[in-house]
Amino acid sequence: MKTTVPSDPEGEAAEAARVAAALSAFPGVVEAAVGFVDDISGDRRPVAWVETSAQQAVDHRELREFLLGRLPRDVLPTRIVPVPRLPRTQDGKVAVEELVAPSWISASVHSLRLLPDSTESRLADIWHELLSVPDVEVDEDFFDLGGSSRTAIAMLAQCRAAFGVEVPIHRFFEKPTIDNLANLLKDGSAAHSCLLGRGHSGHKRPFFCVYPGTGVQGLRLLSRLEPERPFLTLTPHGYGASPPKIGSLDELAAHYVEEIRGVQPHGPYHLAGHCASAIVAYEVAARLEREAETVLSFVGVKAPAKVVLERVQGSDFFVLDELFGNAEPGSAAKRLESLLEEETGHLRSREGQALAFARMRPVLADLYQELMSTASVAAGYEFDRFMGLIESWAWYVLEAAGHSPSASSFPVDVVTFPSDRRDLSADWRAVSGRPPVVHVQESIEPFESTEFARWLVDLLDARDAEWEAARPQVP
């Protein structure tokens, strides 16, 4: 594991001080220190060390819940490590350089209570390699340990190779622990689903969002703020094995309706769509309304109401376009970005897409190898599955451009950000037949924002309350 110490006094050091102050406010914590390490994907993440009182025991799960109420999710420490005493320099300051040394981390974390040859122990070895954590408890949350949707894909691919069992990612996300994953591997069977979810046991009405990727970080943030409401995403392809063949956007919407009814047979429903996926999300909502169901809310997040094919550029056809922002010159991602722009005209037709992807295949193969080497999005996926993911999104963009939505009677809320210059209000009014309510959020990535999460939780509660108040009272 590569280890580093904070080197940016205006960034990491300030964040470390903020987290340490929050930790020190918890009963039983004498003092806390925070340092940064680089995980397997190259992301720098905070790790916290806490010196605890001999007179008062500290429950570390309660401590993490305490932090969730005081800090944004993206600054929470990946690990909270108890130590008998924090090491200090000669002038009495905490020696963070010593804390980030691997020997301190290995010596301080609770050992794994597992049999050497058990399924759980083998899974712990996989998590150790992917997450750069020395020890894992069977009930620890994969994402609390620093995992992401990318590393989850890589981890499940390694499980498939090691155990010969395909575990759909939506089943793992329901309870992302070694204990649950071991049971899924022993069961050896799980049906394909496009649904990923958190909080299935909540008593409030579920929230369904169609999302280009997994949306797992947003799901976790929302479920932390409102544990009584299930939050689920519908991926455009399904991340499990053998997804069903879909021939049109209408067929995709019908498939999503079937998946939604499997969780919630009847309305009222809460639905949303992120970016271009909002178009099929709106069609899902309209289809449910045509089937005599009530849609209490539809939220379009950074969402166009239509796709104008003549304006779609090459990178819009690529589902992993976030890779281009930090791509280095000469990398496969940077070369692919240029190729996509060259192929824009061909990507705007179904026949042209097949030829364009055939020409881009060698560069996509290089990108696939780059991603595997960093345990990124496609790590562990066979190349053909990776190509299927890429081609499916390009197909979806083309289908969305040719889709003509119908008017609806349910409320439409549109979320945008200050620098977005698109007239989303006019477009959604033209589609739905009624003016939408536009909400401006400061974050360009709303699903990673605590402000947006709180706004959405409040909106859903308000819509539920309005519905209950309007229902006829039963004597």
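## Exercises on cysteines, cores and salt bridges

The count of disulfides (pairs of cysteine sulfur atoms within 2.5 Å) comes to 0. This is a predicted model, in which local features need pLDDT of at least 70 and side-chain atom pairs count only at pLDDT 80 or more, while totals for chains, interfaces and linings use all residues. Residues are numbered from 1 along each chain as its sequence is written, and side-chain values use heavy atoms, with hydrogens and water left out.

**Exercise 1.** Work out why Cys 209 forms no bond with Cys 275.

*Solution.* Start with the general idea: a disulfide is a covalent bond between the sulfur atoms of two cysteines. Next, look at the distance: the closest cysteine sulfur to that of Cys 209 is in Cys 275, 9.5 Å away, which is too far for a bond. Finally, check the surroundings, using relative accessible area (buried is under 20%, exposed over 50%, partly exposed in between, with a 1.4 Å probe and protein chains only). Cys 209 is buried at 1%, whereas Cys 275 is partly exposed at 22%.

**Exercise 2.** Find the residues that touch the most other members of the largest nonpolar core.

*Solution.* First, the term: a nonpolar core is a set of buried Ala, Val, Leu, Ile, Met, Phe, Trp, Tyr and Cys residues joined through side-chain atoms within 4.5 Å. The largest one has 66 residues, and Leu 271, Tyr 396 and Trp 428 touch the most other members. Its largest share, 11 residues, comes from helix α15 (residues 383-401); helices here are DSSP runs of H or I, at least four residues, and strands are runs of E, at least two, numbered from the N terminus. Now take Leu 271: leaving out residues up to four places away in sequence, its contacts (heavy atoms within 4.5 Å) include Phe 207, Ile 260 and Val 299.

**Exercise 3.** Trace how Arg 205 is tied to helix α17.

*Solution.* Begin with the rule: a salt bridge is a side-chain nitrogen of Lys or Arg within 4 Å of a carboxyl oxygen of Asp or Glu. Arg 205 meets Asp 464 in one such bridge, at 2.9 Å from N to O. That pair links the loop between β4 and β5, which holds Arg 205, to helix α17, 259 residues apart. Both Asp 464 and Arg 205 are buried. Arg 205 also forms a salt bridge with Glu 468, again with N and O 2.9 Å apart. Glu 468 lies in helix α17 too, so this pair ties together parts 263 residues apart in sequence. Glu 468 is partly exposed, at 36%. Lastly, shared partners join Arg 205, Asp 464 and Glu 468 into one network that also includes Lys 204 and Asp 461.
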